[in-house]
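Dear colleague,

Here is the structure I said I would pass on. My notes on it follow below.

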Amino acid sequence: MQTRLAAKFAAEQTATAASASAHAVLCQDLWLVLWPSLDARAKRALRCVCSAMRSQVDRSVEVVASPTNGFDAADLTAALVRWPRVVDITLFVGVGSAAVTLQPLAMATLTRLASLTVREAAEPDGQAAWPMPTFSSTVSATLQVIDFSFCVGLNSIDTVRSCAQLRVLWMPYVSVSDLSPLGACSETLEELWMADYEQIDSLLPLTACTRLAKLDIRDCCFELDEVEELQQACPQLVDPPSVELEGLVHELQPGLPPWRHEVVIGALLEIIETGDEEEEQTAIAAAGAIPLLVQLLGRDSPEDVREAAANAVGNLAVDHDGNKAAIAAAGAIPPLVQLLGRESPAGVQMAAAGALINLSSGREGDIAHEQSQTSIAAAGAIPALVHLLDSELSEMHRFAANGLHNLAHYHAANQTAIAAAGAIPILVQLLGTHSSKDVQAGAANALACLAIDHAANQSTISATGVIPRLVQLLGPDSTADMHRAAADALSALAIDHAANQATISATGAIPRMVKLLGPDSPAGVQHTAARSLIRLTCRDGGHLTAAIAAAGVIPLLVRLLGPDSPADVQEIAAEALGNLANDHAENQTAIADAGAIPHLIQLLSPAESAALQKAAAGALSIMACDHWHNQTAIAAEGTILILVRLLGPNASAYVQKQALRAMYNLAVNHAQNAAAVVTAGAIPALVQLLESDLSADVHEAAADALHILGHAGAYE
C-alpha cells in the first residue's frame, strides 16, 4: 500500500508540475517527509523520481530528526549525496531526541557544507538536552555559519578549531572558559553569541579576530585592559563586553596616571549611558566611586581629569536622590563651585555647572532639595553663574541660566540673591533673537523661577519691558520648550500683581496661551499652558478669568479631560476648570454645557490615581457650589454613590477631603441630593471619619457634611 501511494503521488506530481524547480522542491519534501516511514520498495520508487530532478534541488534543506520518525545517519547521508547543491542544513531536533546520532556530519561526503543550524522541532519540556554535533576537519573547513542556539549542555568549542572559514558562531549555552579554539577562524569570524554565560576567563583570544563586529557575552564582566585591547583590535565592534565594576572603580585611586583616570571615568559614563540608568548609578556609587571622583575634582588633578570627574558626578546625580546626598556629603559642592571660576577652561566650567544643575534639581517643598540649593548658594555659585551669563559661548549661557533656574526654584533667599547679583537684565537680554532658541528658553525659565511668589522680582523683571517679548515667544516660530518657558514666566509675573496682569492681558498673551491647549501642541506644552492659566486665574480678583473664558479656553480644557490625554494633563485641566468655575456662575454653566461633567466623573474611577481623583472631585465641587442646575446634573450621573465610596479607608486623606466638599456642595439647598447622600450610605462613613485619627481638615469637612444633611432634614 505504501509503495502504491508513494509511486502514485510522485507520478501525479511529476505530470502536473509547472516547472523543473517545482519538481525539485517536491522531491526534497517527499524525501524528507516520507522517507523515514516508507518500506524498501516505496523508497526505491521515490528515489527514481528524485534522481531525475536531483540537479535542481535548492541549496538549503530542513531535516526533522527524532526517534519517532526513524531518522538515522544513513538517511541524511543518502539525501545529501543525491542533492549535490545542498550546502545549508537546518536540523530540527525534537524533544527527547538526544539519542539521534548526528555523526553523519563528519562524513567526507559533506565537505561542501557551509551552514549548520540546530533547532527544536517541538516545544521543549525542560528536560531535553540536544547534543552538539561533531565533525571532522574535512567537513569543518567549509563551514561559515554554525547556529547551536538550542543545543544545551555544550562543554567544548574545540570542534571549531578547523573552521577556517567560520563567520558566525551562535552557541549561547556553551560551558567553557577558554576561547582559544576561535583562533582557527580569526581571519573570518564576524559574529559571536555566547549570551547568559559567566565563566569565560579572558577576552584576549578574541583580539586575533580582527573582523569581529558583533559580540554578545552577557552576565560576564572583564578587566578594563582586556576590553580596551579588544576594542583596539576590533574597532568595528558594536557592543563591547561589560567591564568588572569594582575593579574599574578601584582604578580611580590617586597615584595612577591622569590618562588612566580619564579612561576609567569614560568607561563609567558609558556604563550609565548604555545600561539601566538608575540601576547603574546605584551600582557605581555602591562600588565606592563617589568619594574617589570628588577627590579628583581637587586642584591636584589636571584640568582634563577635573572636567571628566565633574561630568561623572553630574551623571551620577541625575534624578537620583540617594546619590545627590552622597555627593554633597563627600564634599563635592565647594570644588565644583570653584571650577566655575574664570581661571577654568570653558569645558571645565560647563561640566561643573552641569553637575551643580543636577545636584540642585528637585521638587517644591522637598527639604533635601532646599538644603542642596542653600549649600550651593553658600559656596558662592550665584555670582559665578551670573558671570557665566556674560560668556561669549552660547552653550555657556544655557548652562548658567539653567543653574540659576534651579537655585531660584521656590527658594526666596536665592531669588533675592540672584537678582542682587545682577542676573535679571542679563537674562532679559538673552531673550533676544540673537540668542539660540535653547538659550532663550533657559533664560525665560530662569526669569519664571525668579518671579514666582516674589513681588520685588516681579516688579523688577516687568520694569525691563520683557513682557511683550515673552508674549512673542508664545508664537508659532518658537519651539515647544520656548512655549513652556514663556508661559511659565508670564504666569509667574501675573500672580498677585495687578499691574503685570493688566500688561499681560493688553499685550495679547491670553489668546496665544489658550491656543497652546489645542491638539497641535505636545502634551507637555498643554500641561504648562493649563498650569499657567491656573496661575493667571488664581487670586486675580476676576480681572483675567472672564478674558480667559472669552478666549475659548473651556472647550479646549474639557477636551483635555478625555482618555486621549495623559493623566497629568487631565489632572491640570480639571484644576484649571475648577479655577475658572470658582465664584463665576456663567463659567460654571459654560463648563457643564461643554460636557465636562461626564469626563470628571469618569476620572473619579478607582483605576485613576489619587491626584487625578482629587482634581476631578475638586472641579465637581466648585461646579456644584451654589448652582442648582449643576447640582442636579452631577447627581443624575450617579456621582453621589461614587463620592461615598471615596470616603472609604483605602482612599487618601486629600481625596476624602475633596469628596466631602463635593458631597457638601451637592447637598446644600438641594433636598433631593441630600436624601440621595443619606441613601447612598454616607452617614456611617462620615461618622467613621470623625472618629478616625485623620487630619483636622478631614474632620471639619466630615462635620460640615453631617451638619448640612441634618439641616436639610435628610436624617435625624
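A residue is called buried here when its relative accessible area is under 20%. Please bear in mind that the model is predicted.

By that cut-off, helix 17 (394–408) has these buried residues: Met396, His397, Phe399, Ala400, Ala401, Gly403, Leu404, Asn406, Leu407 and Ala408. They pack against helix 14 (346–360), helix 15 (367–378), helix 16 (381–388), helix 18 (412–420), helix 19 (423–429) and helix 20. The length of helix 17 can be checked as well. With 15 residues at 1.5 Å a residue, helix 17 should span 21 Å, the count of rises being one less than the number of residues. The C-alpha atoms at its ends are 21 Å apart, so the expected span and the model agree. After helix 17 comes Tyr410, which has a positive phi, near 50 degrees.

For the chain as a whole, there are 716 residues, of which 49% are buried. The chain holds 38 helices and nine strands. Among contacts with a separation of 6 or more, 61% are between residues 24 or more positions apart.

Next, the nonpolar cores. The largest one has 173 residues, and Leu252, Leu336 and Leu557 have the most contacts inside it. Helix 20 supplies the largest share of this core, ten residues. Taking Leu557 as an example, and leaving aside neighbours within four places in sequence, its contacts are Leu517, Ala530, Ala573, Ala576, Leu577 and Leu580. There is also a second, separate core of 26 residues, with Ile146, Met171, Leu212 and Ile217 among them.

Last, a pocket. Which helices each supply at least two residues of the lining of the second largest pocket? They are helix 17, helix 20 (437–451), helix 23 (480–494) and helix 26 (523–537). The volume of this second largest pocket is about 370 Å³. It is lined by 19 residues, and those closest to its centre are His405, Asn445, Arg484, Ala485 and Asp488. Helix 20 contributes the most to the lining, with six residues. By type, the lining has seven charged, six polar and six nonpolar residues.

Helix 20 therefore turns up in three places: it is packed against by the buried residues of helix 17, it gives the largest share of the largest core, and it gives the most to the lining of the second largest pocket.

Regards

Notes: Residues are numbered from 1 along each chain as its sequence is written. This is a predicted model: local features need pLDDT of at least 70, side-chain atom pairs count only at pLDDT 80 or more; totals for chains, interfaces and linings use all residues. Side-chain values use heavy atoms; hydrogens and water are left out. On a 1 Å grid over the protein atoms alone, a cavity is a set of points where a 1.4 Å probe fits but cannot get out, and a pocket is an open set with protein on both sides within 12 Å along at least five of seven lines; lining residues have an atom within 4 Å of a point. Grid points are joined across faces, edges and corners, and a volume is the space filled by probe spheres set on the points. Helices (H or I, at least four residues) and strands (E, at least two) are DSSP runs, numbered from the N terminus. Ala, Val, Leu, Ile, Met, Phe, Trp, Tyr, Cys and Pro count as nonpolar, Asp, Glu, Lys and Arg as charged, and the others, Gly among them, as polar. A nonpolar core is a set of buried Ala, Val, Leu, Ile, Met, Phe, Trp, Tyr and Cys residues joined through side-chain atoms within 4.5 Å. Buried means under 20% relative accessible area, exposed over 50%, partly exposed in between (1.4 Å probe, protein chains only). Contact means heavy atoms within 4.5 Å.
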